[in-house]
Amino acid sequence: MFFADFQVTQTRDDIVMMWERSGDFRIIPLANRPPLPAAVKLHNGDSRGRWDGNTLVIETTNLNDWSWFDSKGSFHTDAMTLVERLTIVDPKTIDYTVTVTDPKAFTQPWTMNFTMKQRYAPSQHYEIYETSCVSGERALDHLLPGVRR
C-alpha cells in the first residue's frame, strides 16, 4: 500500500487496486464469494472486502511465503493473514491500518498505521502507466535516443 502511486476503482462487485511502480494489481471481491481452498497460495493472497461505514475492511488469507510484504522484504510465512482498514478521512486522505497475524513467524499479531494523501487532483488527469524495464534492451538507442552516452 505504501510502495508507489496507486489507483483504487470500485465496481458493483469488486475493488481493484493498481500500483504504478510494480505494475501489480489486486482484485478484491465485495460480493459474498466463497474463499479459495487453503492449499491455493497466491502472491497477493485471497482477499475479501466489505464496507463498514466509511471504512473499507479487507481480509486476506492464502498468501504464499515468497511475496514482498513491505518495501524492505520483511519475512513472513504462508500462514500470514492480514486485516486492512482503509478509512476515508476526507476527499484527499485515507487512514490505513493493517493487522498482521502470522503464527509461524511472530509470537503475536501486530498492527501498523499510516496516512495516505492524494497527490494529484482528478482535474490533473493523472494516469497509472505500465512500468517497463529497459535493462538489456537491444533497441534502446532507437527507443530512447541519447540515453547511452
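Two residues are in contact when heavy atoms of theirs lie within 4.5 Å. The model to which this is applied here is predicted.

Asn64 is a convenient place to start. This residue sits in the loop between E5 and E6. Leaving aside residues up to four places away in sequence, Asn64 touches Lys41, Leu42 and His43, and also His76, Thr77 and Asp78. Its relative accessibility is 6%. Buried means under 20%, so Asn64 counts as buried although its place is in a loop.

The loop leads to the sheet. Five strands form an open sheet, in the order E4-E5-E6-E7-E8, and the pairing is antiparallel. Strand E4 (46–52) and strand E8 (110–117) stand at the edges; each has a single partner strand, so one side of each is left without a neighbour in the sheet. On average, neighbouring strands of this sheet are turned by 15 degrees against each other, with direction ignored.

At one edge, E4 pairs with strand E5 (residues 55–61) in the antiparallel sense, over 7 bridges. Within this part of the sheet, Gly49 stands opposite Ile58 in E5.

Ile58 also belongs to the largest nonpolar core, which has 14 residues. Met17, Ile58, Leu82 and Leu86 are the members that touch the most others. At least two residues of this core come from each of strand E2 (14–19), E5, strand E6 (81–90) and strand E7 (93–101).

The aromatic rings come next. A pair of aromatic rings is described by the distance of the centres and the angle of the planes. In the whole structure, a search finds 3 aromatic pairs. One of them joins Tyr96 and Phe114, with 5.0 Å from centre to centre and 40 degrees between the planes, and this pair is tilted. Tyr96 lies in strand E7 and Phe114 in strand E8, 18 residues apart, so the pair links distant parts of the chain. Tyr96 is buried, with a relative accessible area of 5%.

Phe106 and Trp110 are arranged in another way. Their ring centres are 5.7 Å apart and their planes stand at 80 degrees, so the pair is edge-to-face. What counts as edge-to-face is an angle over 60 degrees. Phe106 has 22% relative accessibility and counts as partly exposed; Trp110, at 29%, is also partly exposed. Together with Phe75, Phe106 and Trp110 form one aromatic cluster.

Terms used:
Residues numbered from 1 in each chain as written. Predicted model: local features only at pLDDT ≥ 70, side-chain atom pairs only at ≥ 80, totals over all residues. Heavy atoms only, no water. Pairing = 2+ DSSP bridges. Helix = DSSP H or I, 4+ residues; strand = E, 2+ residues; numbered from the N terminus. Axes fitted to C-alpha atoms, helices over the stretch in contact; angles between N-to-C directions. Core = buried A, V, L, I, M, F, W, Y, C linked by side-chain atoms within 4.5 Å. Buried < 20%, exposed > 50% of the residue type's maximum accessible area, 1.4 Å probe, protein only. Phe/Tyr/Trp six-rings, centres within 6.5 Å; stacked < 30°, edge-to-face > 60°.
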